[in-house]
Structure formats: structure tokens, C-alpha cells
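Please look at the structure below slowly, beginning with its overall division into parts and only then turning to single helices, strands and residues.

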Amino acid sequence: MSYELTDALNEVDPEIFERLKKEITPESLYQYLKPIADTHAPSQSTAWTRAKVIEGLLGSEFLSRQNVTFIRNFENTGNTVLMLGNDQRKKKVWLLAHLDMITYLIEPEENGAFPLTPICYHLMEPGEREAVALGFNISNSSYEIVTHGVIRVEDREMKPSFIPNDAVPLHPGMRVCFHSELSWDRDTGVVRGSLDDAGGVAALIRAAVFLADYDIELLLGLTDEEEGKAGLGSQTICRGGARLPRYFDQPELVIASDIHEAAEMYGGKGPDNFGLGDGASFAEKSAHGVGEITPPHLYELKRKLAEELDMVGIRLRENLGGYLSRTEGINAMYRTPNISLMGFLGENRHFQRDVESANISDLVDLSKAIVCFAFLTTTQLWHDFWKLQ
Ligand SMILES: [Zn+2]
């Protein structure tokens, strides 16, 4: 086989694969993943919650670089952006992932329990999971935990409810979300915690920090309100992200990242050809074709990229037969067909049977593969690719 794509990357920087190997490691990924995953970020709160944590993780030295812009609440859209380059509108590459976690609204108390209205695909099976109620403290402008407790599901047909540990008054305007603390088994690579979509977010941030050393116009959009009340229309999901594209000119490539099903669950199953820990995942379509679809020419390029990356130790697997839910590309597809779905396999999305789990090595591969794909847009090869002969 030929090595056109990796050669093109090497032409821009002969050290790129060495640098990737040295700098994007499980340890360096974990430094972003753990604090983001452990921060409760119910829908509509992200600019005050996880975005603040990310700002601290990036640090003032990085954020003061001339080619770096970070805005927690971009144009009051509720979305957080990290931009590389010097043109504020024209970004060649968009990297997108949702920053919030699935969320429940609180209804009036009934016998010590608070019925919950999911503003998400509620997938949890009968049982109990740890959860918190969060509220906004208007006197110091911050989201705070009001109480810990559990989300209880007695019957799939009934509303889930929140049982607080303390008898505190809860009211509408407070939000309930799952509580977990990320764990990492260094022998197996297995991470357990709130990974949808802290996993994608951490991989994209790590990639963007790496790419900040190069001359690239890039938007990293970390969106709010990943989902609304479950329904068939595409506006039931990726609601916050819909407010973002109007501020930017046409991109050449959009990479939308999220958790991909590792096993049988709501919507579909895991891939037929690989499993957890075998590498990052990419697929042609989401939600059986309801959502994003990658055009054939871009898909072929990605298949070739995956094949070549394998030779340099970066594992990007073509997901055959597995299910991907819709993600942030569904808004970008109204601007460009060039959407690439890249993510990582995970189990128990939305805490279906247990806490979410994935393998950190897949996140490392995802982050590296995203760097390579984004970086490819700076090469002559990419430029020539779009000369439609
Ligand atoms: Zn997600």
C-alpha cells in the first residue's frame, strides 16, 4: 500500500508521529478526563460548571498564547469554544462534542420522592443510581450541590424519581443528574464514570492543545443541551449546539465526537469487528441514517487514513454493524456535508445498567487520530483532494 497521507503529514512536520507518541498518553489524557467527568454539568449549566474546570486545566500560560482564544459562554449561546488561529470567523476545521450530561427536571414532592422529568433519552433500567440535585446560588453566582441522593426507577413505564439523602426543600429550577467519580484501572485501561461525553471532550481538548503548536484555523465547540425530551425530530437533540454555527464561516471538515455503543442497548448494538480497548471508532452514519452521514469521498479518505495510521501505531477502527446515536454534527450538516463521526466505544450510556465505562487507550487513539485528520487539512494533499476532476 502507499503512504500518501502519512507522508503528507510528515511533510508538514517530520516529528509529528514521535511527538504524538510522547505527548498524547493515557496519563496526559486522564489529567483532562478525570476533573471534567467528575464535575456535575446538567444541561444549561456548562458555562458555569465544566467550562470553568476546563479553563483551569488549560491554564493561563496556554490561554495567553497569541493564537488561542477560549470563551466559556460564547456570544451568550451557552456553548464553550476554544479557537486556534487568528481568524475569528473562518475556521477550516470544527471539532464538536457536547459538554453537558443528561439531566432531569424536578416535579413537586410525592411522599418524600421527587418525580423527575427527563430532558434526555432516559435509559436507566429499574434500580437505583447515585445522583445529586444541583441549584444555582444567586448570591455567589455558582451552581452548587443541594443534596446527594439516588435516582430510582421502579418500572420502565413510570417516571423516575429522586430520593434525597437529606430532607431539604427542592423546587423547579434545580436539576438532578447522575453522580460518579471516575476510576481508572491502570492494568486494563478501563475507566468508569461519567464518560458521555466527558470522554469525547477530553480527547478533543487534548488534540486541540497539541494542534495549538501549529498553524491551523480550528474551532473546538463544546456544546450545551445535548438532548431535550426524547422524540423523533432532530431538534430534540443537540439543542445548544444549534446556536453555534451562525457565528462561523464555512468549515472544510467537521469532526463530531461522542461515545459509540460497545454492547447491545437502546437503539442498537456494538460493532461486529472490534471491541473495547481495540482502538478509536469511526462510522458512516448515526441513528441508522436519521442523523449525520459522511459523504463517500470523505469516507474513503478516512478509511485510507485509518489504514495508514495503523502502520504508525494509531488505532482507528471502521465500526461495522455498531450503533451510533446522533451527535453534534446534526447542526453542522446544514452547513457542510463533510462531517466525520469519530468516537470511542463505551458501555452503559446514560447509566443504563451501571456507571458508564470505556477504555482509556481508545481515547488516546481517538485524540491522536483527530490530530492527524485535522492536521491533514493543512497539507497540499487535502487541497488537491477537493479539486473535483
Ligand atoms: Zn453523548
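How far apart do the C-alpha centres of domain 1 and domain 2 lie? In this predicted model, the distance between the two centres is 29 Å. The domains themselves come from a domain assignment, which gives domain 1 as residues 4-101 together with 182-385, and domain 2 as residues 104-178. Where the two domains meet, 18 residues of domain 1 are in contact with 15 residues of domain 2. On the domain 1 side of this meeting place, the residues divide into six that are nonpolar, eight that are polar and four that are charged.

We can next follow the strands. Six of them close into a barrel, and if you trace them in the order E4-E5-E8-E7-E6-E9, you will find that the pairing is antiparallel. From one strand to the next, the twist averages 40°. As a general point, the strands of a sheet pair through backbone hydrogen bonds, and they may do so in a parallel or an antiparallel way. One pair in the barrel can be examined in detail: strand E6, residues 127-137, runs antiparallel to strand E9, residues 175-178, and four bridges join them. Within this pair, Ala131 stands opposite Phe178 of E9.

The helices come next, and helix H6, which covers residues 296-311, allows a simple check of its length. Its 16 residues should span 22 Å at 1.5 Å a residue, and because the end C-alpha atoms are 23 Å apart, the expected and computed values agree. Several residues of H6 are buried, namely Leu301, Lys302, Leu305, Ala306, Glu308 and Leu309. The buried residues of H6 pack against a number of elements, among them helix H1 (4-12), strand E16 (339-347) and helix H8 (360-376). After H6 comes Gly313, whose phi is positive, near 85°.

Helix H8, one of those packing partners, can be checked in a similar manner. H8 has 17 residues and reaches 24 Å from its first C-alpha to its last, which is close to the 24 Å expected at 1.5 Å a residue. H8 is also mostly covered, since 17 of its 17 residues are buried.

Finally, consider a single residue, Thr69, which has its place in strand E1, residues 68-71. Is Thr69 buried, exposed or partly exposed? Thr69 counts as partly exposed because 16 other C-beta atoms lie within 10 Å, a number between the limit of 12 or fewer for exposed residues and that of 20 or more for buried ones. From Thr69 to His171 there are 102 residues in sequence and 37 Å in space, C-alpha to C-alpha.

Notes
Residues are numbered from 1 along each chain as its sequence is written. This is a predicted model: local features need pLDDT of at least 70, side-chain atom pairs count only at pLDDT 80 or more; totals for chains, interfaces and linings use all residues. Helices (H or I, at least four residues) and strands (E, at least two) are DSSP runs, numbered from the N terminus. The expected span of a helix is 1.5 Å times one less than its number of residues. Two residues are in contact if their C-beta atoms, placed from the backbone, lie within 7 Å. Domain bounds come from an automatic or database domain assignment. Ala, Val, Leu, Ile, Met, Phe, Trp, Tyr, Cys and Pro count as nonpolar, Asp, Glu, Lys and Arg as charged, and the others, Gly among them, as polar. Two strands pair if DSSP finds at least two bridges between them. Axes are lines fitted to C-alpha atoms, for helices over the stretch in contact, and angles run from 0 to 180 degrees between N-to-C directions.
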